[in-house]
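Here is a short colleague's note, set out as numbered points. Please read it with the structure open beside you.

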Amino acid sequence: MKTLREFKLKKGTVLLLGIVIGILSLQACQQDEEMTIDSEEQAEEIELVENTTLAEDNSDQEVSLADLAELEVASSSQRSANCFTSTWDSESNVLTIDFGDGCVGPYGKERSGKILVSYVNEGTLYISDRIITFDNYFVNNIEVTGEIFIVRAEENENGNYQNTYTLTDFTLIYPNGNTFVSNGSRTREWIEGAGDGDPSTNKFQITGSLNGESTRGVNWSHTIVEPIIVDFSCLSNGSMLRTAGIKEVKFSLRNRERTRTVDYGDGSCDGSYTVTINNRVVTVEG
């Protein structure tokens, strides 16, 4: 006949065994998640991250192009090397940046069509908020549509100019018909090259978050958890703008919620960044 003490010991043993099995099962599930992310899924994840980076780079460049065109109009100068024509309409308060049928200009990309910059509030150069829209506008054969609202820059506590800009349905339309849509706001602090008219010296610190829908119909969002450095000097060797900073990308793929960490590096213009997928670190060439 089993004593009460023996029964308690066995009951405790069963409880301990249950806890151990639970822990092992949890670990197995985590390992199973890693094992079930095959090469096709990983390629989809990397494609999504690449699209977020391309959309960010493009929107940053369009904002910078508006700054550059504004400086040209204000100084009545036309620089043929820029391959676009800047026209200021004082009645409608619209700055038109026209790339014509296509040319390679600032930042080493082929552009065609028009960027339209509408000045609101005060309605004049420099001291106004602005809205950027696009007219039959293509960058490296990818059509760009949507809107960017830019709050005029003001000096912050660091002595740097800073402003926010908001993307509304900022869309990349690829030649195959796929689209990538971005929405959200970011803050841009101009840490180098402010107002010198030379796009290659511009360096910004970016914070904020975006969300949207990917070319595969995946809803995504990302938040910058460590300020991203955008360095326009990197474009001289064809590299992407982002050189440092970390963002977290969240999305649902194949009925599974996922969070991936994107690290843009140590500040060098190496044109690469890393994506952490579970315990794997994948290097992406920008």
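The points below cover a helix, a core, a cavity and two backbone angles.

1. Status. This is a predicted model. Please keep that in mind for each point that follows.

2. Helix H2. Helix H2 runs over residues 39-74. Its length checks out: at 1.5 Å a residue, the 36 residues should span 52 Å, and the end C-alpha atoms of H2 are 52 Å apart, so the two agree. The helix is mostly covered, with 27 of its 36 residues buried.

3. Nonpolar core. In soluble globular proteins, nonpolar side chains tend to be buried together. The largest nonpolar core here has 56 residues. Which members touch the most others? They are Ile 115, Ile 132 and Ile 148. H2 gives the most to this core, with 10 residues.

4. Ile 115. Take this residue as a worked case. Setting aside neighbours within four places in sequence, Ile 115 is in contact with Ile 132, itself one of the three core members that touch the most others. The contacts of Ile 115 also include Glu 62, Leu 65, Leu 95, Thr 96 and Ile 97. Phe 99, Thr 133, Phe 134 and Tyr 137 are on the list as well. Glu 62 and Leu 65 are worth displaying together with Ile 115.

5. Cavities. Rolling a probe the size of a water molecule over the atoms shows where empty space is left. A search of the whole structure finds two cavities of 30 Å³ or more. The second largest holds about 70 Å³.

6. Lining of the second largest cavity. Which element gives the most? H2 does, with five residues. Strand E12 (242-253) also supplies at least two. The lining includes Glu 44, Glu 45, Glu 47, Leu 48 and Asn 51. Ser 214, Thr 215, Arg 216 and Val 218 line it too, as do Phe 251 and Leu 253. By class, the lining has four nonpolar, three polar and four charged residues.

7. Positive phi angles. Most residues other than glycine have a negative phi. Asn 93 has a positive phi of about 55°. Asn 93 is found in the loop between strand E1 (85-89) and strand E2 (94-98). Asn 136 also has a positive phi, near 50°. Where does Asn 136 sit? Its place is in strand E5 (residues 130-139). Is Asn 136 buried or exposed? Its relative accessibility is 53%, so Asn 136 counts as exposed, the cut-off being over 50%.

Note on methods. Residues are numbered from 1 along each chain as its sequence is written. This is a predicted model: local features need pLDDT of at least 70, side-chain atom pairs count only at pLDDT 80 or more; totals for chains, interfaces and linings use all residues. Side-chain values use heavy atoms; hydrogens and water are left out. Helices (H or I, at least four residues) and strands (E, at least two) are DSSP runs, numbered from the N terminus. Buried means under 20% relative accessible area, exposed over 50%, partly exposed in between (1.4 Å probe, protein chains only). On a 1 Å grid over the protein atoms alone, a cavity is a set of points where a 1.4 Å probe fits but cannot get out, and a pocket is an open set with protein on both sides within 12 Å along at least five of seven lines; lining residues have an atom within 4 Å of a point. Grid points are joined across faces, edges and corners, and a volume is the space filled by probe spheres set on the points. Ala, Val, Leu, Ile, Met, Phe, Trp, Tyr, Cys and Pro count as nonpolar, Asp, Glu, Lys and Arg as charged, and the others, Gly among them, as polar. The expected span of a helix is 1.5 Å times one less than its number of residues. A nonpolar core is a set of buried Ala, Val, Leu, Ile, Met, Phe, Trp, Tyr and Cys residues joined through side-chain atoms within 4.5 Å. Contact means heavy atoms within 4.5 Å.
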